[in-house]
Amino acid sequence: MSFGSKSGRSVLLVLGLAFGLAAASAHAENQQALAVDYLQGEGDVQGIKLAYQYRVTNPTWVPAQVELWLESSANFWRYGPHNSSDRNLVVAASPVLRWSLGRAWGLDWQGEFGIGVSFLDDTYFAGKNVSTHYQFEDRLGLMAWISDHESLSLRYLHYSNAGLKHPNPGLDFVSLSYSYYF
C-alpha cells in the first residue's frame, strides 16, 4: 500500500481533516507550533520529522497542571548508504500530555508523554518486517524552553503494532527537536 493508493489517500485525508479542524480553533498566542526533529534509530536508520502541534485549551478531563497538545506529522526515514538506501514515509497523529518539571539552569522544563497512531508507507524497513502499515507511535520526552516562542526537546520514540500481528519487532528512535510557537 502506498500513499498513492485509495486507502493511503484516505488515511492522509482523515488525519489532515481531524487536525486541520481542531487547529482552526487554536488562535491564541503560543497555542500552535511547528517542529522539526532529527531522528536517529537503531543501526544506520536516520530521519527527519516535520510536525504541526496545537494546544487543546481547558479540556475538563485533563488536570489543570497538565497541557494537552495534538500533533500531526510527516516522517521521512532512511536506512543504509546514501546511494542504495531504504526509505519510508510515515504520517502520524498523536495526543501529547505535557507537564512542568520546574526551572533549572535558567530554563523552564517540561516532561511529555503520548501514544498515537501512524501509517507507514512500507511494512519492510531497515531489514525488519513490521507486518502492518498501521503502527502505534509512543513517546517520552524532556523539553526545555529556550525563549518565549522556542523549545528544544529530547525524545524517545517507539513504533510498533502492539502485537496485533506478528512479527512485531518495533522501531526505536531518539529525537532532537526544535519547535517554534505562535
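Analyst: Two residues are in contact when heavy atoms lie within 4.5 Å. By that test, among contacts between residues at least 6 apart in sequence, 56% join residues at least 24 apart. The model is predicted.

User: What pattern does the chain follow along the sequence?

Analyst: The pattern is α-β-β-β-β-β-β-β-β-β-β, from 1 helix and 10 strands. Of the 182 residues, 45% count as buried. The accessible surface comes to about 9400 Å², and carbon and sulfur atoms hold 64% of that surface.

User: Why is the aromatic pair of Trp-77 and Phe-125 called tilted?

Analyst: The ring centres are 5.7 Å apart and the planes make an angle of 40 degrees. Centres within 6.5 Å make a pair, and an angle that is neither under 30 nor over 60 degrees is called tilted, so both conditions are met.

User: What makes Trp-77 and Phe-125 a pair that ties together separate parts of the sequence?

Analyst: Trp-77 belongs to strand β3 (residues 66-79) and Phe-125 to strand β6 (residues 124-125), so the pair ties together parts that are 48 residues apart. Trp-77 and Phe-125 are buried.

User: How do you know that Trp-145 and Tyr-181 form an aromatic pair, and of which kind?

Analyst: The centre-to-centre distance is 4.5 Å, and the limit for a pair is 6.5 Å. With 40 degrees between the planes, the pair is tilted. Trp-145 is in strand β8 (residues 134-147) and Tyr-181 in strand β10 (residues 171-181), 36 residues apart. Trp-145 and Tyr-181 are buried. In total the count is 10 aromatic pairs.

User: Which residues do ring pairs link into a cluster?

Analyst: The cluster holds Trp-77, Tyr-79, Phe-125, Tyr-159 and Phe-173.

User: How do you know that the charged end of Arg-98 sits over the ring of Trp-69?

Analyst: The charged end of Arg-98 is 4.6 Å from the ring centre of Trp-69. The distance limit is 6 Å, and Arg-98 is found to sit over the ring.

User: What makes Arg-139 and Glu-71 a salt bridge?

Analyst: Their N to O distance is 2.5 Å. The cut-off is 4 Å, so the pair qualifies. Arg-139 lies in strand β8 and Glu-71 in strand β3, 68 residues apart. The structure holds 11 salt bridges.

User: Why are Arg-139 and Glu-71 classed as they are, buried or exposed?

Analyst: Arg-139 has 2% relative accessibility, and Glu-71 has a relative accessible area of 3%. Buried means under 20%, so both residues are buried.

User: How do you know that Glu-42 and Lys-128 form a salt bridge?

Analyst: The closest N and O atoms are 3.1 Å apart, which is within the limit of 4 Å. Glu-42 is in the loop between β1 (32-41) and β2 (45-56), and Lys-128 is in strand β7 (residues 128-129), 86 residues apart. At a relative accessible area of 37%, Glu-42 is partly exposed.

User: Why do Arg-103 and Asp-108 fall into the classes they do?

Analyst: Arg-103 has 56% relative accessibility, and exposed means over 50%, so Arg-103 is exposed. Asp-108 has 38%, which lies between the cut-offs of 20% and 50%, so Asp-108 is partly exposed. Arg-103 and Asp-108 form a salt bridge, with the closest N and O atoms 3.1 Å apart.

User: Which residues do salt bridges that share partners join into one network?

Analyst: The network consists of Asp-37, Lys-49, Glu-71, Arg-98, Glu-112, Glu-137, Arg-139 and Arg-155.

User: What makes the nonpolar surface patch?

Analyst: The patch is made by Trp-99, Leu-101, Phe-113, Ile-115, Val-117, Phe-136, Leu-140, Leu-142, Tyr-156 and Leu-164, and covers about 940 Å². Nonpolar side chains are joined within 5 Å. Strands β4 (86-104), β5 (107-120) and β8 each supply at least two residues. Leu-140 is in strand β8.

User: Why is Ser-153 classed as it is, buried or exposed?

Analyst: Ser-153 has 2% relative accessibility, under the cut-off of 20%, so Ser-153 is buried. Ser-153 is in strand β9 (residues 150-160). Beyond its neighbours within four places in sequence, Ser-153 is in contact with Leu-142, Met-143, Ser-175, Leu-176 and Ser-177.

Definitions and conventions:
Residues numbered from 1 in each chain as written. Predicted model: local features only at pLDDT ≥ 70, side-chain atom pairs only at ≥ 80, totals over all residues. Heavy atoms only, no water. Helix = DSSP H or I, 4+ residues; strand = E, 2+ residues; numbered from the N terminus. Buried < 20%, exposed > 50% of the residue type's maximum accessible area, 1.4 Å probe, protein only. Areas by Shrake-Rupley, 256 points an atom, 1.4 Å probe, with all protein chains shown as cover. Phe/Tyr/Trp six-rings, centres within 6.5 Å; stacked < 30°, edge-to-face > 60°. Lys NZ or Arg CZ within 6 Å of the ring centre and 35° of its normal. Patch = residues over 30% accessible without salt bridge, like charges linked within 9 Å, V, L, I, M, F, W, Y side chains within 5 Å. Salt bridge = Lys/Arg side-chain N within 4 Å of Asp/Glu carboxyl O.
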